Amino acid sequence: MEMMKHYTMVVFLILFLILFSCKNSVYPLEDMVYIPEGEFRMGSIEVDADGDEQPIHTVYVDAFYIDKYEVTVGEYKRFIEKTGHDAPDWEEIAKYSPTDNHPIINVTWYDANAYATWLGKRLPTEAEWEKAARGGLERKEFPWGNSDFTTQHANLNGNEDGFKYTAPVGTFPSNGYGLYDMSGNVMEWCLDAYHSNYYDTSPKRNPMAGEVYMTDGTLSSNIMISRVIRGGSFLNLSQNSGGVADRSGSSFSAIGMNVIGFRCVKPVTDEVKDLTIDPVNIVNVLPAVGSEIPYDAIITIYFDKPPGKVKVDTGKILYSYNKKIIISGPFKKNEITIRLEWNSGSHELNYNVNLPTGIEIEKKNQTKNMVLVPEGEFFIGSDDPNAEKSEQPKHLVFINSFYIDKYEVTIGEYRNFIRETGYYPLNWDKVLAYSPSDQHPVVNVSWYDAMAYAKWIGKRLPTEAEWEIAARGGLVDSKYTWGNTNTDGKHCNLGGTLDGYEFTAPIGSYPSNDYGIFDMAGNVWEWCLDEYQQSVYTDNKEQNPLTGETLEVLMMNSIEVKTDRVLRGGSWFSSLQDVRVSTRYRAKPSFRGSFVGFRCVMDLDN
């Protein structure tokens with residue numbers, strides 16, 4: 001009897017081990033990377049980005065695991081052997097992916113789904129895919145950042161990288177999350193149906209483009225339903241195809257191609273929540289915790305692993321990349337506690353803030369090269385019968401006093417902003433072709449870029465009412481900043497070379513207006529805060545008008561703005577009509593042009 005009990009225990013133990021091993025085979029997390037929940041900015045603001053990548057928008061994605069590598073030929077072979085799924089043409093695959101360590105290709109969207117389901121996983125949504133591809137970076141074009149593509153980054157653009165077709169998975173460096181080949185090698189299937197204008201209406205939480213179902217409730221297998229593919233491949237002739245925001249759709253989701261493979265994800269459900277997530281710890285903080293810091297200190301925090309999304313309750317995050325974040329002030333005087341929170345932990349930093357007696361001098365320095373525009377009532381708009389309807393009617397508004405930059409923001413000033421913050425750099429080749437020195441106005445900046453700079457420096461963009469009042473320089477009933485006479489090339493930099501400049505001129509090259517402000521006509525169009533509305537003057541507020549969102553919303557959440565913004569002043573590319581003080585122009589907030597720049601304003605009670 002005792003012997004029977006012993007055998008029974010052994011049998012139960014064997015059954016338990018079998019069941020446990022089966023569960024692990026269904027839910028394998030080996031060679032997967034944990035992606036923390038949270039918000040990220042999806043899409044692109046690049047001037048040469050495709051329309052389906054815009055507008056850039058903030059989405060929230062739940063936590064998930066994603067394969068560290070693209071699914072390999074060897075892994076797919078095991079799937080075929082275990083399930084009897086229809087086998088692909090192995091000889092054709094071997095021409096492009098010759099070993100078991102190369103990515104599987106020539107698989108349909110349905111094949112990829114079948115493989116994922118077999119492993120208890122699924123394909124990623126394109127929001128999950130893009131968040132993972134970014135590797136914790138914000139506003140970067142590629143998984144490695146914004147530096148130009150080289151053959152050391154990814155398997156793209158021919159065989160200069162050493163591979164004519166696919167490369168073994170993991171051949172090129174990983175991104176900040178430790179994921180390989182998120183750019184190049186093979187394009188990757190996503191779960192979503194492809195819609196070119198999906199970003200206009202996509203939900204803000206866990207977005208996935210709509211599916212097409214048959215009348216019996218089953219998912220349509222119509223091969224003409226376009227599915228999203230991401231990441232670029234060995235065959236792409238443009239590095240843009242390897243960008244993290246680049247989107248493509250395959251209309252033949254039931255047909256495999258030699259440039260398309262896939263990887264899988266696994267949501268963090270109740271079945272995997274108990275699995276240990278490697279904690280992320282702070283390893284160093286500069287300046288040292290407990291020390292005395294100035295009110296405008298820069299604090300750098302180093303982690304032992306990428307922490308994912310980090311939140312702070314004091315100060316603002318200027319820079320976040322891989323294992324490092326930078327926080328800046330201004331901080332309040334005396335003792336402060338900065339609380340940081342990330343997915344797997346939190347920490348408090350204590351400092352004593354020193355507010356020097358010379359703070360008022362520093363505030364005056366902040367208004368250096370700014371002009372005070374007095375409060376009062378002013379006429380804006382035009383009653384000229386030849387004026388555009390958007391400029392009419394001429395009407396009276398009251399504006400509070402404000403400071404405005406004497407000059408347009410320069411290349412040098414914007415370079416300093418990027419150096420200090422790690423903000424998304426410009427395409428300097430395009431910029432310097434039109435503004436060749438640090439004393440020229442910065443160009444090719446979007447409204448988002450201008451807002452980021454203004455907030456960093458403690459200022460903001462002008463409302464268009466403020467802009468026009470400053471441009472008039474105290475003159476009444478004048479067409480131009482200098483009066484009503486036509487220009488002879490000595491008043492401003494506009495279209496043609498009569499003024500001596502083919503493109504932009506160094507700031508301050510032309511006479512100021514009567515307020516002492518330069519280049520309010522010509523040189524570059526200047527971004528304003530306001531949403532553009534064609535007929536806004538017919539029902540304009542009489543006091544401190546601002547069209548669209550409130551100032552508070554714009555300053556706190558400018559990246560969510562999607563509607564057209566106002567441009568003022570004309571540029572080196574403009575006609576005389578465009579440089580009139582009342583001329584109103586419009587552009588999408590993501591627009592970047594060689595004739596667009598900005599200047600800032602500051603409230604008296606800043």
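**Notebook: surface patch and aromatic rings**

I began at the surface: Phe-379, Leu-396 and Val-476 make a nonpolar patch of about 270 Å². Patch members need over 30% relative accessible area and no salt bridge, and nonpolar side chains are joined within 5 Å. A salt bridge puts a side-chain nitrogen of Lys or Arg within 4 Å of a carboxyl oxygen of Asp or Glu. Areas come from the Shrake-Rupley method with a 1.4 Å probe.

I noted that this is a predicted model, where local features need pLDDT of at least 70 and side-chain atom pairs count only at pLDDT 80 or more. Residues are numbered from 1 along each chain, and side-chain values use heavy atoms.

I looked up Leu-396 next. It is found in strand E20, residues 395–399 (a DSSP run of E, at least two residues). Its relative accessible area is 35%, so Leu-396 is partly exposed (between buried, under 20%, and exposed, over 50%).

Then I turned to the rings. The structure holds 32 aromatic pairs (ring centres within 6.5 Å; planes under 30 degrees apart are stacked, over 60 edge-to-face, the rest tilted). I checked Tyr-165 and Phe-234: centres 5.7 Å apart, planes at 80°, so the pair is edge-to-face. Both residues lie in loops, and the pair ties together parts that are 69 residues apart in sequence. Tyr-165 is partly exposed at 28%, while Phe-234 is buried at 4%.

I also logged one aromatic cluster: Tyr-434, Phe-503, Trp-572, Phe-573, Phe-591 and Phe-595.

Last, I looked for charges over rings (NZ of Lys or CZ of Arg within 6 Å of the ring centre and within 35 degrees of the ring normal). Arg-415 lies over Trp-428, 4.7 Å from the ring centre. Arg-584 sits over Tyr-537 at 5.0 Å.

Terms used:
Phe/Tyr/Trp six-rings, centres within 6.5 Å; stacked < 30°, edge-to-face > 60°. Helix = DSSP H or I, 4+ residues; strand = E, 2+ residues; numbered from the N terminus. Buried < 20%, exposed > 50% of the residue type's maximum accessible area, 1.4 Å probe, protein only. Patch = residues over 30% accessible without salt bridge, like charges linked within 9 Å, V, L, I, M, F, W, Y side chains within 5 Å.
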